[in-house]
Amino acid sequence: MIFILLLALILLGVPFAFAILGTLTVLMGTGDLPYHIRIVAQQFFGGMESFPLLAIPLFILAGELMNEAGITHRIINLATAIVGRLKAGLAHVNIWASVIFAGLSGSAIADTSALGRVFVPAMEKEGYPRDFSAALTAASSVIGPIIPPSIPVIIYALTVSGVSVPGLFLAGIVPGLLLALGLSIYVYFFAGDLGATRSEQPSRRHAFLHGLLPALMPVFVVGSILAGIVTPTEAAAFAVVYALILGVVLYRNIKLVDLPGIFARAMRDSAVIMVIMGAVAAANWVLTFERVPNMLTEWALMSIDTQWTFLIAVILLLLVVGLFLEGIAAILVLVPILHPIAMALGIDPLHFGIVVIFNLMMGLITPPMGLCLFVADSVSGVGMGPIIRRILPMLAVQFLILLLITFVPELVTFLPRLAGY
C-alpha cells in the first residue's frame, strides 16, 4: 500500500521529494514502534547536515556567476578557434563548447540553457535546421555532469562510503571526451550536409587570450583537489571567488546590484537538490532498518554469477529508471542498493560510479521526462516531437559510448590509477 501511495503521488505530478515525504509521513504515523513521525523530520534534516554537501550550492553559484559574467561567448570563440574550420564547423563548436563549459557549471541543464540561447539562432543562420541545433545542444550537454567538476559525482561519492571524489573526477574525463568525440564523428559523417563551415572565424590568438582564464578554472579546481591542497568543498569556494574576480573585477560584466539576484537563483537551484537529498535520506533510513539493501544483495549474489551479467542488468535498469526519474534522485535511491552488490562482485568502485552516472545522465535527453529536452524546447520553440526525432541517433551514439566504457573498464580507471586512486 505504501508503494502504491508513492507511485500514485508521482503519477499525479507531485514533486519526487514531496511524494517521498508524504508517503513516509503516512508510514511513520500508522506503523508500529520504532516508527514514529518525528523520524521523518530527524532524518530529513540529518540528510542535509554534511560539510561536503556545501560543495553543491557553491559549484552552482560559481556556474551562475560565470554565466552572468558573459563567459559563454568567450568559450564559443575558443571552441571555434579549435574546431570551427572542420566540415560542419559550427556543429563541432557546439559540442566542444560543452566540453569547456562542463568545467564551469557541472550541470547539463545550465549548459543547455546558456549555450542553446546562442547556438540555436547562430546555427539556424548558417543553414542548420532549428530542431537539429536544439537536439545537438541538448545531447552535448550530457558531457557537463561527466567531466569535472561535476555535481552528480559529488552526490554519488557522498551517497556511498569509500569512493573518492577526486578519483571519480579523474575517472569522468576520458568518458566525457569520448562522448564529445563520438558526437563529433556522427556530425562529421551523418550531419555534415546540414550546414556549412562557419564563415566568420575569430582570431585564434584573440580567442585563446580571451578564453584562457575561464578555461583554466576547472584546471585550478580539480588540480588543487588532486594535489591535496583543498577538499572538494574548499575547491568549490575557490571556484566562487575565481568567478567573482572574473565577473566583477576583470570583465566587469557583473555589477554589485546584480549579486542578490545571482545568489537567489543559486539558492533556488540548490534548494531543489537539498530537499531531494533530505527526503531520500529519510527513505533510506526505512530501507536500512528493514534490511532491504542486504536482502537485495544476497538475492543478487545468488542469481547473478558474473560482473558482466550484473553490469548489463544495471544498464537496462537505469535506462528505464532514467525515463521517469531525475538523475540525482535516482542516484540517491538506487546507488545505496546497487553499490554493495557491485563491490561484492569485485567491480571497481570508480568504474561502477562513472557507468551509473553516465547511464543516468542519458535520462536527461530521453522522453518523457528528459529535463534537457524541455529546456531545449523552451530555447528553440520547435516543439518536443521534432527535437526527439533529431536526438534519437545521438542517443544511439551515447549508448555505444556507454557500452564501450562499461566493457572496457581501463578507459575509466586509467587516469585515476595513474594518479594513485
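## A buried arginine and its surroundings

R74 is buried yet has no salt bridge, and the nearest side chain of opposite charge, E68, is 14 Å away. That is a nice place to begin a tour of this chain, which is a predicted model. R74 belongs to helix α5, which covers residues 71-83. What does R74 touch, once residues up to four places away in sequence are not counted? The list is H210, G211, P214 and Y251.

### The overall picture

Let's step back and take in the chain as a whole. It has 21 helices and zero strands. Its radius of gyration is 22 Å, close to the 22 Å that the globule rule gives for 421 residues, so the chain is as compact as a globular protein of that length. If you draw a box around the C-alpha atoms along the principal axes, you get roughly 70 × 50 × 45 Å.

How much of the chain is buried? Buried residues account for 52% of the 421 residues. The chain still exposes about 17700 Å², and carbon and sulfur atoms supply 70% of that area.

The contacts tell you how the chain folds back on itself. Take the contacts between residues at least 6 apart in sequence: 80% of them join residues at least 24 apart.

As for charge, the chain carries 18 positive and 20 negative charges, and the mean positions of these two groups are 13 Å apart.

### Salt bridges

Side chains of opposite charge can pair when their charged atoms come close. R74 doesn't take part in that, but other residues do: the count for this model comes to six salt bridges. Three of them are set out here.

| Salt bridge | Closest N and O atoms |
|---|---|
| E64 and R265 | 3.2 Å |
| R265 and E68 | 3.1 Å |
| D348 and R417 | 1.9 Å |

Start with E64 and R265, whose closest N and O atoms are 3.2 Å apart. E64 lies in helix α4 (residues 55-68) and R265 in helix α14, so this pair ties together parts that are 201 residues apart in sequence. Are these two buried or exposed? E64 is buried, with a relative accessible area of 13%, while R265 is partly exposed at 29%.

R265 also meets E68 in a salt bridge, at 3.1 Å from N to O. Here too the pair links distant parts of the chain, with R265 in helix α14 and E68 in helix α4, 197 residues apart. E68 counts as partly exposed, at 32% relative accessibility. You've met E68 before: it is the nearest side chain of opposite charge to R74, though 14 Å away from it.

Now for D348 and R417, which form a salt bridge at 1.9 Å from N to O. D348 sits in the loop between α17 (327-344) and α18 (349-361), and R417 in helix α21 (residues 410-418), so the pair ties together parts that are 69 residues apart in sequence. D348 is partly exposed, with a relative accessible area of 22%, and R417 is also partly exposed, at 40%. Going back to the earlier trio, salt bridges that share partners join E64, E68 and R265 into one network.

### A buried glycine and the loop beside it

G247 is found in helix α13. At 0% relative accessibility, G247 counts as buried. Which residue lies 7.8 Å from G247, C-alpha to C-alpha, despite being 177 residues apart from it in sequence? That residue is G70. Leaving aside neighbours within four places in sequence, G247 is in contact with A69, R252, N253 and I254.

R252, one of those contacts, deserves its own look. It lies in the loop between α13 (232-250) and α14 (259-289). R252 has a positive phi of about 60 degrees although it is not a glycine. Whereas G247 is buried, R252 is exposed, with a relative accessible area of 60%.

### One cis peptide bond

One more backbone detail is worth finding in the model. The peptide bond from P148 to P149 is cis, with omega near -5 degrees. Where is P149? It lies in the loop between α8 (130-141) and α9 (151-159).

Technical notes:
Residues are numbered from 1 along each chain as its sequence is written. Side-chain values use heavy atoms; hydrogens and water are left out. Helices (H or I, at least four residues) and strands (E, at least two) are DSSP runs, numbered from the N terminus. The radius of gyration is taken over C-alpha atoms; the globule rule is 2.2 Å times the number of residues to the power 0.38. Buried means under 20% relative accessible area, exposed over 50%, partly exposed in between (1.4 Å probe, protein chains only). Contact means heavy atoms within 4.5 Å. Accessible areas come from the Shrake-Rupley method with a 1.4 Å probe; for residues, only the protein chains shown count as cover. Lys and Arg count as positive and Asp and Glu as negative; His and the chain ends are not counted. The place of a charge is taken as NZ of Lys, CZ of Arg, CG of Asp or CD of Glu. A salt bridge is a side-chain nitrogen of Lys or Arg within 4 Å of a carboxyl oxygen of Asp or Glu.
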